Amino acid sequence: MRVPGLLQWGDVAIGAVSRAAEALADQKQLAERGAARRVRMVDALITAIATSPLVERVVEIQLDRVLELLEREPERIRALVRGQRDNMVGEVVGRVRAGAAAGDDAVDRLTLRWTRNGNPETPA
């Protein structure tokens, strides 16, 4: 019986698994570096575009158009602002209602769990 040979194969297997784990860790580290570099590049690109003279000029032109429209037709702009305000209020109310409903459901489940058969330890 050759026990040392078996032990050597075990060592080889452990070494192979260890090297594979190291290779995976290296790949993950490279992927993370690449992702971080892409994020930095995208951020730099967005900043460059947002601060470019062309974009600034387009924004100025649009702002001038809005201000001119506001001066000529103030009621139209007021109606637009009111509509946006109503939409925002409706969205906030909807979120509050959804949160309250979720809270009610959680309280109902907890109450049901505690009161089931008069035993608070009974799972739902």
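Here are some notes on the predicted model shown above, for anyone meeting it for the first time.

1. Start with the overall layout. The protein chain has three helices and zero strands, so from the N terminus on its elements simply read α-α-α. Helix α1 covers residues 3–50, helix α2 covers residues 53–72, and helix α3 covers residues 74–115.

2. Next, a word on confidence. The average pLDDT of the protein chain is 79, and 85% of the residues score at least 70. Helix α2 comes out highest, with a mean of 87, while helix α1 is lowest, with a mean of 77. As a general caution, predicted coordinates should not be read in detail where pLDDT is low.

3. How much of the protein chain is buried? Just 3% of its 124 residues count that way. The exposed area of the chain is about 11200 Å², and 62% of that comes from carbon and sulfur atoms.

4. There is a nonpolar patch to look for on the surface. Leu63, Leu67 and Leu70 make it up, and together they have about 260 Å² of accessible area. Leu63 sits in helix α2. Leu63 counts as partly exposed because its relative accessibility is 48%, which falls between the 20% and 50% cut-offs.

5. Now the charged pairs. Opposite charges on side chains can pair when the charged atoms come close. The count here is six salt bridges, and the next points go through some of them.

6. In helix α2, Arg72 forms a salt bridge with Glu68, with 3.8 Å between the closest N and O atoms. The two residues are four apart in that helix, or about one turn. Arg72 is exposed because its relative accessible area is 54%, whereas Glu68, at 45%, is partly exposed.

7. Which residue pairs with Arg95 in a salt bridge? The partner is Glu91, and the closest N and O atoms are 3.0 Å apart. Both residues belong to helix α3, again four residues apart and about one turn of the helix. Arg95 is exposed at 60% relative accessibility, and Glu91 is partly exposed at 45%.

8. One more pair is worth finding in the viewer. Arg76 forms a salt bridge with Glu73, and their closest N and O atoms are 3.6 Å apart. Is Arg76 buried or exposed? Arg76 counts as exposed, because its relative accessibility is 52% and the cut-off is over 50%. Glu73 has a relative accessibility of 32%, so Glu73 is partly exposed.

Methods. Residues are numbered from 1 along each chain as its sequence is written. This is a predicted model: local features need pLDDT of at least 70, side-chain atom pairs count only at pLDDT 80 or more; totals for chains, interfaces and linings use all residues. Side-chain values use heavy atoms; hydrogens and water are left out. Patches are made of residues with over 30% relative accessible area and no salt bridge: like charges are joined within 9 Å, nonpolar side chains (Val, Leu, Ile, Met, Phe, Trp, Tyr) within 5 Å. Accessible areas come from the Shrake-Rupley method with a 1.4 Å probe; for residues, only the protein chains shown count as cover. A salt bridge is a side-chain nitrogen of Lys or Arg within 4 Å of a carboxyl oxygen of Asp or Glu. Buried means under 20% relative accessible area, exposed over 50%, partly exposed in between (1.4 Å probe, protein chains only). pLDDT is the predictor's confidence in each residue, from 0 to 100.
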